[in-house]
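Reader: I should like to learn how the features of a structural model are read, one at a time. May we begin with the model below?

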Amino acid sequence: MRVVEMAACGGPEVLVAATRPVPEPAPGQLLVRVGAVGVCGHDLLARRGLLAARPGSVLGHEIAGEVVGLGDGTPPGWAGRRVALMQRIPCGTCEWCADGRTTSCRSGPGFYGEDLPGGYAQYVVASPLNAVPLPDHVDLATGAILSCAVGTGRRALRAAEVGAGDVVVVTGAGGGVGVHTVALAHHLGAVVVALTGSPGKVDALRALGADRVLARADVREVRAALAELGRPRGADAAVEITGGPTFTTALRALAPRGRLALVGNTEPATLPLDPGLTIVKELRVHGSAHADRDDLAAVVDLVAAGAVAPVATVRRPLAEAAAAHADLEARAVTGRTVLLP
Ligand SMILES: [Zn+2]
Ligand SMILES: [Zn+2]
C-alpha cells in the first residue's frame with residue numbers, strides 16, 4: 001500500500017512517499033481502507049520529534065474509512081461498514097477501560113501515528129472499541145475529523161461544564177478544534193467569545209455562532225467584551241486550545257469560580273499559573289484529553305441530526321501531505337484539512 005512516512009524529524013519536507021505491506025487485522029480487529037485522514041496541529045509537533053513519533057512513523061490519527069477485512073472472531077456485522085475512528089485503540093480490559101476511562105488506557109494497540117501506524121496510508125487496523133459507524137449521508141472527509149476536531153471540543157466543553165446561558169471564552173478559535181468548539185458551544189446555548197490570532201478568520205467565526213470575535217486581543221479587550229455581554233466580573237468558562245500563547249488571558253478572563261478546560265498545547269512549555277488569582281477566585285483548571293468512543297458517538301449523532309455541520313475545509317491527495325503541513329504551520333488554513341489516500 002502507499003503511505004507517507006516521516007523520513008526523519010524536521011520540517012514538512014521529511015514527509016515522503018513509501019510503500020508498506022497492507023496490515024493484518026489481529027483477532028477481534030478490523031481492517032479499514034482509509035477514505036480520509038485529517039491533518040492536525042498534533043501532527044506538526046509529532047513531525048518535529050516533540051511527541052512519541054520517530055523516523056519511520058506513519059502519522060495520522062483522524063481517520064475514517066470502510067471496513068474491508070475482519071480479524072478472527074470479529075463480529076461479521078462490521079464488514080463493509082463506513083466508520084469514523086477514535087484516535088486510540090484501547091485494550092478494553094485494563095482497570096481504566098473497565099472504568100470507561102479509555103483515554104487513560106496504555107495497554108492496547110494505542111495511538112495512531114505513535115504506537116501503531118496511522119492514517120497517512122491506504123489501510124489501517126482498527127477495532128470495534130474505537131470505531132463508530134457513520135450514517136450514509138456523512139461523507140468520509142467529514143467522518144475523519146469528527147473525533148479529534150469535533151469530539152475534542154465536545155469533551156472540553158463537558159469538562160468546563162458549559163451549558164445554556166453560560167458565557168464561554170474559546171481561544172485558538174480559528175483552528176480545526178476551535179471552529180468546531182465554537183459551533184458546539186453555540187449549539188449548547190452558550191454565549192461564545194472567540195479569540196483568534198488571525199484577523200482573516202473573524203467572519204468565519206461569526207458565521208459559526210460566535211457572539212463576539214476578537215483578533216489578537218489582550219485581556220483588557222476580552223474583559224470589555226465580557227462586560228458588554230453582561231459579565232463584568234468575567235466569563236463562566238474558558239476552553240484553552242492554544243495552551244501557552246493565550247493561557248494567561250483565558251485565566252484572567254474568568255469570573256470567580258470560573259472553569260478552564262485546557263485542551264491545546266501548540267507551543268509545549270510550562271504555563272504561568274498565577275496562584276493568587278486561582279486561589280482568590282477559586283478557579284478550576286481541568287485538563288481534557290482526546291475524545292473517547294462515547295464523545296465520538298455523540299458527535300456522530302449531532303452531525304446526523306444536523307445540529308452541527310463540521311467541515312473539512314481543505315481536501316488534498318495524500319501525496320500533498322508535506323504541503324498540507326506547511327500551510328497549517330503558516331496558519332493559512334481555517335478549519336481542518338483532510339488528505340484523501
Ligand atoms: Zn488531531
Ligand atoms: Zn485498557
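Author: Let us start with a single residue. Methionine 6 is buried, because its relative accessible area is 0% and buried means under 20%. This residue belongs to strand 1, which spans residues 2-6. Please keep in mind throughout that the model is predicted.

Reader: How far apart are methionine 6 and leucine 51 in sequence and in space?

Author: The two residues are separated by 45 positions in sequence, and their C-alpha atoms lie 13 Å apart.

Reader: Let us turn to the metal sites. Which protein atoms are the donors of the zinc ion (ligand 1)?

Author: A metal site is read from its donor atoms, which are N, O and S atoms within 2.8 Å of the metal in the case of zinc. For the zinc ion (ligand 1) they are SG of Cys40, NE2 of His61, OE of Glu62 and SG of Cys148, at 2.1 to 2.3 Å. Along the chain these donors have the spacing C-x20-H-E-x85-C.

Reader: What does the pair of cysteine 40 and histidine 61 tie together?

Author: Cysteine 40 sits in the loop between strand 3 (30-39) and helix 1 (41-47), and histidine 61 in the loop between helix 1 and strand 4 (63-70), so the pair links parts that are 21 residues apart in sequence. Cysteine 40 is buried, at 7% relative accessible area, and histidine 61 is buried as well, at 2%.

Reader: What is the geometry of the site of the zinc ion (ligand 1)?

Author: Geometry is judged from the angles among the donors; four donors count as tetrahedral if all angles lie between 85 and 135 degrees. The four donor atoms of the zinc ion (ligand 1) give angles of 93 to 119°, and the site is tetrahedral.

Reader: Which residues coordinate the zinc ion (ligand 2), and how are they spaced in sequence?

Author: The zinc ion (ligand 2) is held by the SG atoms of Cys91, Cys94, Cys97 and Cys105, at 2.3 to 2.4 Å. Their spacing is C-x2-C-x2-C-x7-C. The arrangement around this ion is tetrahedral because its four donor atoms subtend angles of 105 to 114°. Cysteine 91 is partly exposed, with a relative accessible area of 22%, whereas cysteine 94 counts as buried at 14%.

Reader: Next, the sheets. What is the strand order of the open sheet of six strands?

Author: The order is 12-11-10-13-14-15, and the pairing is parallel. Strand 12 (212-215) and strand 15 are at the edges with a single partner strand each, so one side of each lacks a neighbour in the sheet. On average, neighbouring strands of this sheet are turned by 15° against each other, direction ignored.

Reader: How many bridges join strand 10 to strand 13, and which residue is the partner of valine 169?

Author: A general idea helps in looking at such strands: in a regular strand, side chains alternate between the two faces of the sheet. Here three bridges join strand 10 to strand 13 (residues 235-240), and the two run parallel. The bridge partner of valine 169 is alanine 238 in strand 13. Strand 11 (residues 191-196) pairs with strand 12 over four bridges, also in the parallel sense, and leucine 195 has leucine 214 of strand 12 as its bridge partner.

Reader: What is the handedness of the β-α-β unit made by strand 11, helix 6 and strand 12?

Author: That unit, in which helix 6 comprises residues 202-207, is right-handed. Another pairing can be read in this way: strand 16 (residues 312-317) and strand 17 (residues 336-340) run parallel and are joined by five bridges. The chain passes from strand 16 through helix 11 (residues 321-329) to strand 17 in a right-handed β-α-β crossover. Within this pair, valine 314 stands opposite threonine 337.

Reader: Finally, the backbone. What is the phi of glutamate 161, and where does this residue lie?

Author: Most residues other than glycine have a negative phi. Glutamate 161 has a positive phi of about 50° and lies in the loop between helix 4 (146-159) and strand 10 (167-170). Glutamate 161 is partly exposed, at 48% relative accessible area. Glutamate 282 also has a positive phi, near 50°, and is placed in the loop between helix 9 (275-280) and strand 15 (284-287). Its relative accessible area is 45%, and glutamate 282 is thus partly exposed.

Definitions and conventions: Residues numbered from 1 in each chain as written. Chains lettered and ligands numbered in written order. Predicted model: local features only at pLDDT ≥ 70, side-chain atom pairs only at ≥ 80, totals over all residues. Heavy atoms only, no water. Donors = N, O, S within 2.8 Å, 3.2 Å for Na, K, Ca; no water. Tetrahedral: all angles 85-135°; square planar, octahedral: opposite > 155°, others 65-115°. Buried < 20%, exposed > 50% of the residue type's maximum accessible area, 1.4 Å probe, protein only. Pairing = 2+ DSSP bridges. Right-handed = clockwise from strand over helix to strand, strands pointing away. Axes fitted to C-alpha atoms, helices over the stretch in contact; angles between N-to-C directions.
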